[in-house]
Amino acid sequence: MKELQANELLDVKGGAGLNATFLAALVRGVNSFLDVGRSLGSAIRRTIEGNVCPL
């Protein structure tokens with residue numbers, strides 16, 4: 001295996017801009033945000049309509 005010189009190390013490029021792991025995490029984050037909004041909306045609607053179960 002060849003060792004790289006200092007000037008060669010500066011030219012090393014690596015990694016992908018948008019890889020599958022990043023996109024999957026982004027989709028999970030958006031889905032979580034939508035789920036929270038859906039739950040909050042349902043809670044507000046049930047409170048306004050008086051359909052809240054007593055504790």
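Student: A polar contact is a pair of N or O atoms within 3.5 Å; within protein, one must be able to donate a hydrogen and the other to accept it, and residues adjacent in sequence count only if both atoms are side-chain atoms. Which side chain does that of N51 contact in this way?

Tutor: The side chain of N51 makes a polar contact of 3.3 Å with the side chain of E49. This is a predicted model, in which local features need pLDDT of at least 70 and side-chain atom pairs count only at pLDDT 80 or more, while totals for chains, interfaces and linings use all residues. Residues are numbered from 1 along each chain as its sequence is written, and side-chain values use heavy atoms, with hydrogens and water left out.

Student: Where does N51 sit, and how accessible is it?

Tutor: N51 belongs to the segment after α2. Helices are DSSP runs of H or I with at least four residues, numbered from the N terminus. N51 has 45% relative accessibility and is therefore classed as partly exposed; buried means under 20% relative accessible area, exposed over 50%, and partly exposed in between, with a 1.4 Å probe and protein chains only.

Student: What happens at G50?

Tutor: G50, just after α2, adopts a positive phi of about 75 degrees.

Student: How does the span of α2 compare with expectation?

Tutor: The expected span is 1.5 Å times one less than the number of residues. For the 30 residues of α2 this gives 44 Å, and the end C-alpha atoms are 43 Å apart, so the two values agree.

Student: How many salt bridges are there?

Tutor: There are three, where a salt bridge is a side-chain nitrogen of Lys or Arg within 4 Å of a carboxyl oxygen of Asp or Glu. One of them joins D35 to R38, with the closest N and O atoms 2.8 Å apart. Another joins E49 to R45, at 3.6 Å from N to O.

Student: Why can such partners meet along a helix?

Tutor: An α-helix has 3.6 residues a turn, so residues three or four places apart point the same way. D35 and R38 are three residues apart in helix α2, about one turn. E49 and R45 are four residues apart in helix α2, which again means a separation of about one helical turn. As for accessibility, R38 is exposed at 54%, whereas D35 is partly exposed at 41% and R45 is partly exposed at 42%.

Student: Changing topic, what does E8 bind to in its salt bridge?

Tutor: E8 pairs with K2 at 3.2 Å, N to O. E8 lies in helix α1, residues 6-9, and is partly exposed at 27% relative accessibility, while K2 is exposed at 62%.

Student: Which other residues does E8 touch?

Tutor: Apart from neighbours within four places in sequence, E8 is in contact, meaning heavy atoms within 4.5 Å, with K2 and E3. In addition, a polar atom of the E8 side chain lies 2.8 Å from the backbone nitrogen of Q5.

Student: Which residues make the nonpolar surface patch?

Tutor: L18, F22, L23, L26, V30, F33 and L34 make a patch of about 720 Å². Its members have over 30% relative accessible area and no salt bridge, and nonpolar side chains (Val, Leu, Ile, Met, Phe, Trp, Tyr) are joined within 5 Å; areas come from the Shrake-Rupley method with a 1.4 Å probe. Within it, F33 is found in helix α2, residues 20-49, and is exposed at 67%. L23 is also in helix α2 and is partly exposed at 39%.

Notes. Patches are made of residues with over 30% relative accessible area and no salt bridge: like charges are joined within 9 Å, nonpolar side chains (Val, Leu, Ile, Met, Phe, Trp, Tyr) within 5 Å. Helices (H or I, at least four residues) and strands (E, at least two) are DSSP runs, numbered from the N terminus.
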